[in-house]
Each structure stands twice: as structure tokens, then as C-alpha cells.
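Colleague: I'd like a close look at one part of this protein, with the rest brought in as it becomes useful. Could you start with the aromatic residues and then walk me outwards from there?

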Amino acid sequence: MTFQDIFKSSFLENIGSISILDMALALVLAFGIGLFIFLIYKKTYNGVMYSASLGVSLIAMTMITTVVILAVTSNVVLSLGMVGALSIVRFRTAIKEPLDICYLFWSIGAGIVLAAGMIPLAVGGSVVIGLVLLIFVNKKSHTHPYIVVIRCDDHNSETAARSLLEKHVQRCVVKSKTAQKGSVELNMEIRLKEDNTDFINELAALDGVQSAVMVSYNGDYMN
């Protein structure tokens, strides 16, 4: 080894490892797939607060993953160093919606497959996944859970309200009950038989019933 070889840099040798055309094509396709994922996310979001930053992050994550995988596939030594570097990264941002995890993994997976050169799989797979999400996430069903909150005067009005409710719904489960002097509050989970909520008006019109409220929720309940 000569003195010149000691200071010889391999940085310039790696410049031509990936052509400009391949890099540009991969980034353009990654942007297109990321934009498609963002549009599907925006179309199927059913949460309370829509996060625009997460939608933009899906596009950026697809492109970033593509760039990283392109670099890794061109250099074996770099791939080992990348594994060690990424192993110390910890993400502590709470994911409030379970479906958001699916979109994050979709973006990462699409970037990996695209950078690996499997363009038909990346494009076709993304289209199929998007169609599946559009069909099943936006599917409206009368079996969607609801919470009914009923305020009654006494036990008799409570019994009458529960009897009327059980007659009009498919399923009725008491989640909580609060009793005070002259007032009883019931929180019940129901599943509708059909898309008709007129029974709430009948509940509110019963003698001894102070109010009847029905709200939709995602099926999670905390005592």
C-alpha cells in the first residue's frame, strides 16, 4: 500500500454506482405511489381529528425509504452500517388510530419494493390495497355500535325504557349505570336492526324518561 492509497477516498467511486436516470425514475414513482397512499388515507379517514401532517408524511416516507434502499442495494458494507444505525432509532409518537399503522407500513413497504426494482409489484400492489381499503373502510353497516345514554326518574321508568330499547335493536348491553336520588343514568351499547333511529324519539317520550341520547363510537370502551 502506498502513501497515496492511504488517503484515497472511495466517496468519488460510489458516485456512479446509481445512474441519474434510475434515481429520478425511482423518486418520481415513489412520489406517485406516496401521493396515491395519501389520497386513500384522506378518503378513508374516519377519526375525530384529521392529521394533515401524517398525510404528507406518507408521501415523504415512501420517497425516503426508496432513497435509503437504493443506497443499501448498491453497497453491501453500507447496508450493514444502515442496519446498525436504524437499530438505535426510537419513535415515541403515539399512534391514535390503528389504521394509521397500516398506512405507515404501506408507505415503507412500497418504498422498499420500488427501490428493489419490482415496479409492477409496487404499483399493482398499491392499487389493490387502495381498492380494498376503499371498499371495507368506507362500508356502511347498520351493525355499527352505538352508545345510548338514558336518564330516568326511577326503576319503573328504567325498566320501561330498557324494554322499548331491546325491542327495537339487535343487541343491547349495559356498559354503566349511575343511580342518584330521583335520577338513574344508563349507558348502553346497542346494535341496530336497520338504519332507523326513530325509537330514540319514543324513548324520550316515555313517562319518567328525562332524556335519551344516541352517539356513535368505535367499539372501544374504558371503565
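Modeller: Sure. Phe36, Tyr41, Tyr103 and Trp106 form one aromatic cluster. Keep in mind that this is a predicted model. Searching the whole structure turns up three aromatic pairs. Take Phe36 and Trp106: their ring centres are 6.2 Å apart and their planes sit at 85°, and an angle over 60 counts as edge-to-face, so that is what this pair is. Phe36 belongs to helix 2 (residues 20-44) and Trp106 to helix 5 (residues 98-115), so the pair ties together parts that are 70 residues apart in sequence.

The two partners have their own burial values. Trp106 has a relative accessibility of 7% and counts as buried, because the cut-off for buried is under 20%. Phe36 comes out at 27%, which makes this residue partly exposed.

Staying with helix 5 for a moment, let's bring in helix 3 (residues 52-74), where Leu70 is found. Thr65 lies in helix 3 as well. Thr65 is buried, at 12% relative accessible area, and Leu70 is buried too, at 14%. What does Thr65 touch, once you leave aside its neighbours within four places in sequence? The contacts are Ile108, Gly111 and Ile112. As for Leu70, its C-alpha is 7.3 Å from that of Ala116, although these two residues are 46 apart in sequence.

Now step back to the whole chain. It has eight helices and four strands, and reading along the sequence gives the pattern α-α-α-α-α-α-β-α-β-β-α-β. Of the 223 residues, 27% are buried. If you take the contacts between residues at least 6 apart in sequence, 71% of them join residues at least 24 apart.

On to the strands, then. Strand 1 (residues 145-152) has six of its eight residues buried, so the rest of the structure largely encloses it. Strand 1 pairs with strand 3 (residues 183-192) in the antiparallel sense, over eight bridges. Within that pairing, Val149 stands opposite Asn187, and Tyr146 has Ile190 as its bridge partner. Strand 1 also runs antiparallel to strand 4 (residues 209-216), with seven bridges joining them. There, Val148 stands opposite Met214.

Strand 3 is worth a look of its own. Eight of its ten residues are buried, so strand 3 is largely enclosed by the rest of the structure. Besides strand 1, strand 3 pairs with strand 2, again antiparallel, through ten bridges. Ser176 stands opposite Asn187 in this pairing, and Lys177 has Leu186 as its bridge partner. So what sits in the hairpin of strand 2 and strand 3? There are two residues between the strands, and Gly182 takes a positive phi near 75°.

That leaves helix 7 (residues 155-168), which packs onto these strands. Helix 7 has 14 residues and spans 20 Å from its first C-alpha to its last, close to the 20 Å expected at 1.5 Å a residue. Its buried residues are Ser157, Glu158, Ala161, Leu164 and Leu165. They cover an arc of only 135° around the axis, which puts them on the same side of helix 7. What do those buried residues pack against? Their partners are strand 1, strand 2 (169-180), strand 3, helix 8 (199-205) and strand 4.

The face of helix 7 turned away from that buried side carries the exposed residues His155, Asn156 and Lys167. Asn156 comes up again at the start of the helix: a side-chain oxygen of Asp154 reaches to within 3.4 Å of its backbone nitrogen.

To pull the thread together: the aromatic cluster includes Phe36 and Trp106, and that edge-to-face pair links helix 2 with helix 5. Further along, strand 1 is bridged to strand 3 and to strand 4, strand 3 is also bridged to strand 2, and the buried residues of helix 7 pack against those four strands and helix 8.

Terms used. Residues numbered from 1 in each chain as written. Predicted model: local features only at pLDDT ≥ 70, side-chain atom pairs only at ≥ 80, totals over all residues. Heavy atoms only, no water. Buried < 20%, exposed > 50% of the residue type's maximum accessible area, 1.4 Å probe, protein only. Pairing = 2+ DSSP bridges. Expected span 1.5 Å × (residues − 1). Arc of directions from axis to C-beta. Contact = heavy atoms within 4.5 Å. Polar contact = N/O pair within 3.5 Å; in protein donor to acceptor, adjacent residues only side chain to side chain. Phe/Tyr/Trp six-rings, centres within 6.5 Å; stacked < 30°, edge-to-face > 60°.
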